Amino acid sequence: MERASGPARIVSGRWTKWIVLVVWIVLGFGVAGQLSAKFPDVQQNDQAQWLPSGAEATQVVELQEKFNTADIAAAVIVYERPDGVSSADESKAAADAGKLAGVDGVAGSIIGPLKSDDGKAIQVIVPVKMGADGFTKAPDRVKAMKEIVEANTNGLNVYVSGQVGVAGDNVSSFSGTDQALLLTTVVVVIIILLFAYRSPFAWILPVISALVALNVTQAFIYLLAKNAGLTVNGQSAGILTVLVFGASTDYALLLIARYREELRRHADRHKAMAIALHRAGPAMLASAGTVAVGMLCLMVADMNSTKGLGPVCAIGIGMGFLSMITLLPALLVIFGRWIFWPVKPKVGTEEKSATGGLWSRLGRAIAGRPRTVWVVTAAALAICALGLTQLNATGLSVTDSFVDKPQAIVGAEVAAKHFPGGEGQPVVVIGKASASEALTTAIRGTDGIAEVGPPLVAGDLVMLQGVLKDLPDTSAAEATVLRVRDAVHAVAGADAKVGGPTASTIDMNKANRHDNMLVIPLVLAAVLLILGLLLRAVVAPLLLIATVVLSYAAALGISAVVFKGVFGFDSSDSSFPLMAFVFLVALGIDYNIFLMTRVREEAQVVGTRRGMLTGLATTGGVITSAGLVLAATFAVLANLPLVFFAELGFAVALGVLLDALIVRSVLVTALNLDFGKRIWWPSPLAAKDDDPEPDPIADAPERPVVPA
C-alpha cells in the first residue's frame, strides 16, 4: 500500500490540519494584515529607481544632489490661442505665474511667461521639488496648478505638461488600479473555476488560499523594502498581483485534480489528501522552484526596475506554493467531499477523462502518426514566429507610452509647435568647473541644441543645461544627446557626464538590450538544468526547452502583428522581449512539469508510450484549466492604461494559451510518442521496453479501492 511522506500526513492530519489553519489565520490576517496595507507606501517610482546602475545618466542624477537639483522636475504650462494670444492672455499668464509660486512643492524661480515667436502661445516653466514622495503627490500638485491656470480662460487653450504633468497623469491613471486589478483577477479566476469544477463551492478554497498568499507576500515584501533595500515599483506591484494569483491557482488545480483521483480510491479523505500531496507535491515544488529561479535570474540585469522585479516575483511564487501545499490541503480536508457538490468524487468510480475523455481520444489520434503531427505543429508555430519581423522593441517614447493620450502629452505636442521641443526637459551636463567655458561652447555648438543656460557651480563642479530643439522623447532628440556626449567627452580635463530625460531613455534602452542578451540565455540554462535534474534525463529536457522557445517565438510573432494591425501600437518597450520571455518560459515550463512528471511516473509501470497517453489523459484537463486561469489573469493587465502592460498582458496570455492547448497537448505528446523510450536517455528508463499496443485504457492496471 502506498504511504505518504511525513509532511503530507501532517498537513492533512485529523488534528494537525487545525494547527495549519490557525497558523495561516494568525499569519495572514494578524501579522500580515496591517503590513500588507502599507505595501503601496514602499513603491518607488522616481527616475533613479528605474535607471540602469552605473549608467552615465544615473551618475548625473547622483551628481545633481550637490546642486540641490537631483529631485527638481519641471511643470510646463502652455497657453495657446490659434488666432494669436492677446494682451489679456499675457496678463493672465503673468498673474498665474505669481499664483503658481504658492503651490505645494514649487521651488526656485518660475521662468516666464515666454511668448512664442509666432505669437500663438505662451509658456511658463514651474520648477517642482519632487522629494521622496514627489510622484505620489504629483496628481494633487497638477490638480492645484490646473485650478489656477484653467480659471477664466475665455477660449484660451491651457495645458499642464512637462515632467510633473506627465507624472501626475501617470499616477492618476493608476489611481485605484491595485484594487481594480485584484478584483478583476479574482472574478476571472472564479468564473473559470466554476466551469472547471462544475460546482458552486469548489472555487472558494483555492481563491481564499491565493488571497492569503498574496496578502502575506505583500507584507513580507514590505518588510524587505523597508529594511533590506528591496526595490519595488508600480510595475512589479502590478505584475505581482496577477502572478501570485495565477500561479497559485495553477498549483491548486494540480493538487485538487490529484486529490479527486485519490478520493475515488480512498474512503478516508485524510489519507486521500496525504497521498495526493505525496504524488503531486514534487511536481508543484519543481514548478515553483523553476519559476522562482527564472525570476531570480533577473537580478543580474543592469536595469534597476528589472533587477528588483526578480526577487519580488520569486517571493510571490514561493509564498503561493507554500499556501497551496499547506493551507489549501488543510481547508479541503476540513470541508470534506461536499465542497465538490454536485459532482462529488465517489469511492470506486473513475474519472471520465482517464477512460474516454477528450484528452484520451486526442492521445490516441496523435499516436497513429506522431511524427507527422509534431512536424506539422512545429511548422505552423514557426510560421507564426515570422511575425517577429514586425516587432519594433526599440523603446517607447513618453507620447507612445499611454494607451489613451492624456492632457500632459497633448500639451507637450502643442508646446513643440511653438517652442523648442526640449523646454522643461533639458540636457544636463556636469563636469569640472574649470572647464565651464569650454563645455558651454561644446554644447552650444552641437547641432540640435536651441540654447544653453547659465552655469551653476557647486564646489569644483559645474552644471549646464541645454534646451533641445526637438521633443525630448524623439529619435532626433536622442541623436542630439549622443552628439552632445561626443562633444563634451572630447573636452580635455572636463570629466563631463551627460544626463537628463532623453539621456536616461538612451541609457535605459541600451541597458535593456544588454539584459536581453544576458538574461535570456541564463534563464534557458537554469530551466534546462532543473528539468534535467527533475526528469533525470538529457533528451527530454532539450526537447522541452525547444518547444518552449518555439512557443515563445510564435506568441511574440502573433502579438507583433496584432499590436500594429489591431491595437495601433507602433512600437514596444525595449524591455518587452525579456519580460515576455521570462514569464512565458518560466510559466510555460509549469505545464511541461505537470505533464512530464506524471508521464515519468506512469512510464515506470507501463512504459513510455502508454505512460504518455495516460499522462495526457489525466493531466490534459488540469493543464487546460491552469492555462485558462493564467492567461486570463495576465490578460487583466491589458486593462491598465500603459502600452507596456497592455502588450505584456496580451503576449503572455496568448503564449500561455499556446503552451497549454497546443504545445503541451499536441507537440510534446507527439514528440514523446515518436521518440519513445529514447526520450529518457541516459536514465535506466530509456532501456525499459514499451508495450507495442499503446492503449492506456484497455490494459491499464486496475487501481485498488482502499477502505477507510
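**Exercise 1. Backbone outliers in loops**

Locate D495 in the predicted model, and state what sign its phi takes.

*Solution.* In this predicted model, D495 sits in the loop that runs between α17 (475-489) and β9 (497-499). Its phi is near 45 degrees, which is a positive value in a residue other than glycine. As background, most residues other than glycine have a negative phi. A second case is N154, whose phi is positive at about 50 degrees although N154 is not a glycine. N154 is placed in the loop between α5 (134-149) and β4 (157-161), and with a relative accessible area of 68% it is exposed.

**Exercise 2. Cis peptide bonds**

Find where P342 and P682 lie, and give the omega of the peptide bond that leads into each of them.

*Solution.* The general expectation is that most peptide bonds are trans. The bond from W341 to P342 is cis, with omega near 10 degrees, and P342 belongs to the loop between α11 and α12 (352-355). The bond from W681 to P682 is likewise cis, with omega near 10 degrees, and P682 falls in the segment after α22.

**Exercise 3. Cysteines**

Determine how many disulfides the whole structure contains, and explain the result for C297.

*Solution.* A search of the whole structure returns zero disulfides. For C297, the closest cysteine sulfur belongs to C313 and is 13 Å away, so the pair is too far apart for a bond, given that a disulfide requires sulfur atoms within 2.5 Å. Turning to accessibility, C297 is buried, with a relative accessible area of 8%, whereas C384 is partly exposed, at 29%.

**Exercise 4. Classifying helix pairs**

Assign an orientation to the pairs α18 with α20, α11 with α20, and α14 with α22, starting from their axes.

*Solution.* Two packed helices are described by the angle between their axes and the distance between the axes.

1. Helix α18 (residues 501-535) packs on helix α20 (residues 576-606) at about 10 degrees, with the axes 11 Å apart. Because angles under 35 degrees count as roughly parallel, α18 and α20 are roughly parallel to each other. Their contact includes V519, V523 and V527 of α18, together with F581, V585 and I589 of α20.

2. The axes of helix α11 (residues 304-335) and α20 come within 12 Å and cross at roughly 15 degrees, and α11 and α20 are therefore roughly parallel as well. The crossing is right-handed, and its contact is made by T306, L309 and C313 of α11 with L578, M579 and F583 of α20.

3. Helix α14 (residues 370-385) meets helix α22 (residues 643-675) at an angle of about 140 degrees, with the axes 8 Å apart. That angle makes α14 oblique to α22, since the roughly antiparallel class begins over 145 degrees. The crossing of α14 and α22 is left-handed, and among the residues in contact are W374, T377 and L381 of α14 and V663, V666 and A670 of α22.

**Exercise 5. A bent helix and a distant pair**

Describe the bend in α21 and how far that helix is covered, then place I208 in the structure.

*Solution.* Helix α21 (residues 608-635) bends by about 50 degrees at T619, and it is mostly covered, with 24 of its 28 residues buried. I208 lies in helix α8 (residues 204-227), where it is partly exposed, with a relative accessible area of 37%. Compared with V142, I208 is 66 residues away in sequence and 39 Å away in space, C-alpha to C-alpha.

Technical notes: Residues numbered from 1 in each chain as written. Predicted model: local features only at pLDDT ≥ 70, side-chain atom pairs only at ≥ 80, totals over all residues. Heavy atoms only, no water. Helix = DSSP H or I, 4+ residues; strand = E, 2+ residues; numbered from the N terminus. Buried < 20%, exposed > 50% of the residue type's maximum accessible area, 1.4 Å probe, protein only. Bend = angle between axes of the 7 residues up to and from the residue. Axes fitted to C-alpha atoms, helices over the stretch in contact; angles between N-to-C directions. Parallel < 35°, antiparallel > 145°, perpendicular 65-115°, else oblique. Left-handed = near helix turned anticlockwise from the far one by under 90°. Contact = heavy atoms within 4.5 Å.
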